[in-house]
Amino acid sequence: MIIEVRRAEILAAARQRGGVGLQELSRRFHVSIPTIRRDLSALAERGLLRRVHGGAVPLAAVPPVLPDASAASGGDVQAAAALVEPGMAIGVSGRRLGVRLAALVGDVPGLTLVTPMLAVARAVRNASATVLLVGGVRTPSGSHAGPLAEQTLQGLHLDIAFVEPCAPGDALAAATDQAMLRRASRRVHL
């Protein structure tokens with residue numbers, strides 16, 4: 001099993017159940033307890049878990065919304081698209097509204113669009129636009145999320161991040177959306 005996939009599954013289990021134990025994880029993934037300790041330490045270093053005796057607990061079941069995020073009025077994708085200017089790097093996450101936004105902004109000159117959603121990436125038809133599809137574990141909302149996607153996002157700077165709420169209970173996608181929001185100068189909720 002790929003290390004990042006195992007870590008994403010560990011994080012999901014911790015968030016779903018409120019915590020995970022070393023023995024349980026060792027049995028589930030058929031790896032040694034020292035390997036699980038390294039996984040938990042790596043997730044703790046990223047600020048996703050807190051190590052406790054015998055396991056780990058999530059720092060938050062669903063990450064909080066950042067305070068300076070603005071909402072596109074009533075899901076007004078047209079108004080959100082009007083914020084995008086030539087040469088910008090933007091992040092787009094979401095299903096229906098994210099796909100509509102990507103289709104609207106795809107012709108903006110010099111655009112770089114970053115997304116964890118394959119459907120959003122496909123909506124950009126302009127071959128001159130740069131589209132970066134961040135990878136991770138596929139989640140119920142269709143996002144490719146988790147620690148690998150979050151690590152990729154940490155190395156980026158976005159002018160604007162547009163995020164549509166993900167499916168309820170999709171903690172990995174929510175964490176990836178929060179990572180995208182943290183990397184943006186301006187934040188917009190669709």
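Reader: What makes strand 1 and strand 3 a pair?

Author: Happy to start there. In this predicted model, two bridges join strand 1 to strand 3. A pair needs at least two bridges, so strand 1 and strand 3 qualify. The two strands run antiparallel, and Val20 has Ala56 of strand 3 as its bridge partner.

Reader: What joins strand 2 to strand 3?

Author: Here there are four bridges between strand 2 (residues 49-52) and strand 3 (residues 55-58). Set against the required at least two, that makes strand 2 and strand 3 a pair as well, so the term applies. These strands are also antiparallel, and Arg50 is bridged to Val57 in strand 3. Two residues lie between the strands, which form a hairpin. Gly54, in the turn, has a positive phi of about 85°.

Reader: What makes strand 1 and strand 2 edge strands?

Author: Each of them pairs on one side only. The open sheet has three strands in the order 1-3-2, with antiparallel pairing.

Reader: Why are the buried residues of helix 2 said to line one face?

Author: In helix 2 (residues 22-29), the buried residues are Leu22, Leu25, Ser26 and Phe29. Looking down the axis of helix 2, you find its buried residues within an arc of 100°, so they line one face of the helix. There is a general pattern behind this: an α-helix has 3.6 residues a turn, so residues three or four places apart point the same way. The buried residues of helix 2 pack against helix 1 (3-17), strand 1, helix 3 (33-45) and strand 3. After helix 2 comes His30, with a positive phi near 55°.

Reader: How do you know which way the buried residues of helix 5 point?

Author: The reasoning is like that for helix 2. Leu97, Gly98, Leu101, Ala102 and Val105 are the buried residues in helix 5 (residues 96-105). Seen down the axis of helix 5, they fall within an arc of 135°, so they line one face. Their packing partners are helix 4 (77-81), strand 5 (89-93), strand 6 (112-115), helix 6 (118-123) and strand 10 (158-163).

Reader: Which residues touch the most other members of the largest nonpolar core?

Author: Those are Val84, Ile90, Leu101, Val105, Leu113 and Phe162, out of 23 residues. Helix 4, strand 5, helix 5, helix 6 and strand 10 each contribute at least two residues to this core, and helix 5 gives the largest share, four residues. A second, separate core has 19 residues, including Phe29, Ile36, Ala56 and Leu172.

Reader: What is Val84 in contact with, leaving aside neighbours within four places in sequence?

Author: Val84 touches Ile90, Val105, Val108, Leu111 and Phe162.

Reader: What makes strand 10 largely enclosed?

Author: Five of its six residues are buried, so strand 10 is largely enclosed by the rest of the structure. Four bridges connect strand 10 to strand 5, and the two run parallel; Val92 stands opposite Phe162 there. Strand 10 also pairs with strand 11 (residues 184-189), in the parallel sense, over five bridges. Ala161 has Arg187 of strand 11 as its bridge partner. Between strand 10 and strand 11 the chain passes through helix 8 (residues 171-182), and this β-α-β crossover is right-handed.

Reader: Why is Asp170 called buried?

Author: Its relative accessible area is 5%. Buried means under 20%, so Asp170 meets the cut-off. Asp170 sits in the loop between strand 10 and helix 8. Beyond its neighbours within four places in sequence, Asp170 is in contact with Thr139, Pro140 and Ser141. Asp170 and Ala14 are 156 residues apart in sequence and 13 Å apart in space, C-alpha to C-alpha.

Reader: How do you know whether Ser143 is buried or exposed?

Author: Compare the value with the limits once more. The relative accessible area of Ser143 is 1%; the limit for buried is under 20%, so Ser143 is buried. Ser143 lies in the loop between strand 8 (137-138) and strand 9 (144-145). Leaving aside neighbours within four places in sequence, its contacts are Pro116, Met117, Val137, Arg138 and Ala173.

Conventions. Residues are numbered from 1 along each chain as its sequence is written. This is a predicted model: local features need pLDDT of at least 70, side-chain atom pairs count only at pLDDT 80 or more; totals for chains, interfaces and linings use all residues. Side-chain values use heavy atoms; hydrogens and water are left out. Buried means under 20% relative accessible area, exposed over 50%, partly exposed in between (1.4 Å probe, protein chains only). The arc is that of the directions from the helix axis to the C-beta atoms. Contact means heavy atoms within 4.5 Å. A nonpolar core is a set of buried Ala, Val, Leu, Ile, Met, Phe, Trp, Tyr and Cys residues joined through side-chain atoms within 4.5 Å. A crossover is right-handed if, with the strands pointing away from the viewer, the path from the first strand over the helix to the second runs clockwise.
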